[in-house]
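Got the model open in your viewer? Let's walk through it stop by stop, selecting as we go.

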Amino acid sequence: METKLKRISEISQENPKEVFTSIGHLINEEMLRQCHKEMDKNKAAGLDGVNKDMYDENLDANLKRLEKALKQKSYRPQPVKRVHIPKDNGKTRPLGIAAYEDKLVQQALKKILEAVFEPKFYDCMFGFRPDRSCHDALKKLNTMIERNSTSYILDADIKGFFDNLDHKWLIKFVEVCIKDPNIIRLIKKFLKAGITEDGVYKETETGTAQGSGCSPILANIYMHYVLVLWFYKVVKPQFKGYCEIVVYADDFVCCFQYKHEAEQFYDLLKERFGKFGLELEDSKSRLIEFGRYAEVNRKSRGEGKPETFDFLGFTHYCSRSRKGYFRVKRKTSKKKFRAKLKLFTEWVKQNRTLRKKELIEKLNIKLSGYYRYYGITDNFTAMDKFWRKIVRAVFIWLNRRSQRKSYTWDRFYDMLKHYPIVRPKIYVNIYEI
């Protein structure tokens with residue numbers, strides 16, 4: 001199966017105008033079995049309450065029945081169960097949990113869509129793509145600013161991107177490369193499956209549920225045609241100055257050499273998005289002067305230091321190297337810092353009754369994950385501050401395990417010698433590409 005998908009990917013790359021008309025048959029028992037093996041058994045169950053272990057009890061019969069339903073076109077995905085998870089800003093993010101059998105079909109569909117569309121995506125796109133990460137996007141952005149003539153940054157935010165994808169346009173975008181009616185029918189069924197929230201069913205006329213297996217690739221296809229392809233084929237050839245873009249899912253940053261071209265693009269972007277059912281969040285989208293000449297230019301106008309912008313959890317700011325050369329540096333954004341600190345502190349509070357060794361071991365696992373994301377060039381100071389606040393939180397909540405105060409600071413530091421809280425370190429060099 002992997003060989004067939006690889007061949008589809010090669011054809012898509014070698015022949016950009018190739019249209020695939022017969023690939024739906026690849027979603028067969030063999031592929032569905034592979035998807036079952038890859039499925040995380042700890043994922044939450046959908047409306048039917050079935051998880052991986054339960055489905056595995058009668059796997060052969062289940063897969064044969066599912067394959068038969070797909071071939072006979074009688075397969076109907078169940079509505080997605082919607083839950084809300086907390087966001088860093090205190091609000092919640094809707095997350096869709098599909099039924100287990102639907103997860104298998106979506107995973108298979110994702111494999112086919114990726115084989116066709118991955119070769120067509122531009123290098124500036126990083127979200128939900130194989131062998132690409134947030135750190136790769138940050139490295140790309142760093143190069144765009146430091147090694148090119150960037151003087152202005154458009155930091156844009158799309159309002160409710162996943163909830164507002166236009167189904168008709170999305171199908172049209174898929175049909176640019178895939179005309180297999182079986183694939184198109186499946187995508188339409190998933191888009192129109194509906195959601196249930198608190199036991200109430202709602203139809204889905206727009207959008208794709210975050211959390212579903214094929215939602216990320218469908219979102220990338222939408223961004224490819226609405227933003228990225230338009231940027232490179234229509235906008236960039238019109239501009240005389242340097243301009244470039246980096247995209248991570250629905251989050252993107254644009255760099256420009258000239259202010260008037262940046263302003264022109266901003267106006268064009270609003271018009272472009274409106275055509276496809278999208279809208280910029282004006283309160284979170286802004287054009288700022290940023291780059292190697294920003295400090296001097298703003299100082300000459302009496303406007304103070306260059307503004308900063310946030311991207312992928314980091315605040316980017318203009319600075320200098322030790323030798324005095326221009327550098328873009330980044331630190332954990334205040335919003336992310338406060339939100340993560342709150343989550344960690346709450347976790348310590350909830351788990352303070354654990355044995356000291358177990359508490360510190362589990363805390364260190366969580367901290368290591370935090371460091372691996374935020375442990376990037378120039379961000380050690382912010383991570384060290386985070387570590388110190390976590391140490392203080394542990395001290396406070398260990399002392400609240402009983403009415404008697406368990407530790408003085410001296411005794412607490414002696415305890416940390418035996419059960420040390422892992423310290424931060426830099427894992428990612430922004431200049432290693």
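Start at the second largest pocket, which holds about 470 Å³ of space. This is a predicted model, so local features need pLDDT of at least 70 and side-chain atom pairs count only at pLDDT 80 or more, while totals for chains, interfaces and linings use all residues. Residues are numbered from 1 along each chain as its sequence is written, and side-chain values use heavy atoms, with hydrogens and water left out.

A pocket here is an open set of points on a 1 Å grid over the protein atoms alone, with protein on both sides within 12 Å along at least five of seven lines; a cavity is a set where a 1.4 Å probe fits but cannot get out, and lining residues have an atom within 4 Å of a point. Grid points are joined across faces, edges and corners, and a volume is the space filled by probe spheres set on the points.

Now select Met-39, Lys-43, Lys-103, Gly-211 and Gly-213: of the 15 residues lining this pocket, these lie nearest its centre. Colour β2 (92-97) and α5 (100-117) too, since each supplies at least two lining residues. (Helices, H or I of at least four residues, and strands, E of at least two, are DSSP runs numbered from the N terminus.) The lining splits into five nonpolar, five polar and five charged residues. Ala, Val, Leu, Ile, Met, Phe, Trp, Tyr, Cys and Pro count as nonpolar, Asp, Glu, Lys and Arg as charged, and the others, Gly among them, as polar.

Next, the enclosed space. How many cavities of 30 Å³ or more does the structure hold? There is one, with about 50 Å³ of space in it. To find this cavity, select its lining, which includes Met-39, Lys-43, Val-50, Tyr-100 and Lys-103. By class, that lining has five nonpolar, one polar and five charged residues.

Keep α5 in view and add helix α9 (residues 215-235): the two axes come within 10 Å and cross at roughly 30°. Axes are lines fitted to C-alpha atoms, for helices over the stretch in contact, and angles run from 0 to 180 degrees between N-to-C directions. That makes α5 roughly parallel to α9 (under 35 degrees is roughly parallel, over 145 roughly antiparallel, 65 to 115 roughly perpendicular and the rest oblique). The α5 and α9 crossing is left-handed, a term used if the near helix is turned anticlockwise from the far one by less than a right angle; clockwise is right-handed. Show side chains for Lys-110, Leu-113, Glu-114 and Phe-117 in α5, which meet Ile-217, Leu-218, Ile-221 and Tyr-225 in α9; contact means heavy atoms within 4.5 Å. The residues of this contact are six nonpolar, no polar and two charged.

Move on to helix α7 (residues 167-175) and helix α8 (residues 181-191), packed at about 155° with axes 11 Å apart. They are therefore roughly antiparallel, and the crossing is right-handed. Among the residues in contact are His-167 and Leu-170 of α7 and Ile-184 and Lys-188 of α8.

Last stop: helix α13 (residues 356-374) and helix α14 (residues 380-398), at about 160° with axes 12 Å apart. This pair is therefore roughly antiparallel, and α13 passes α14 in a right-handed crossing. Select, among others, Tyr-370 and Tyr-374 of α13 with Phe-386 and Trp-387 of α14. This contact has 13 nonpolar, no polar and no charged residues.
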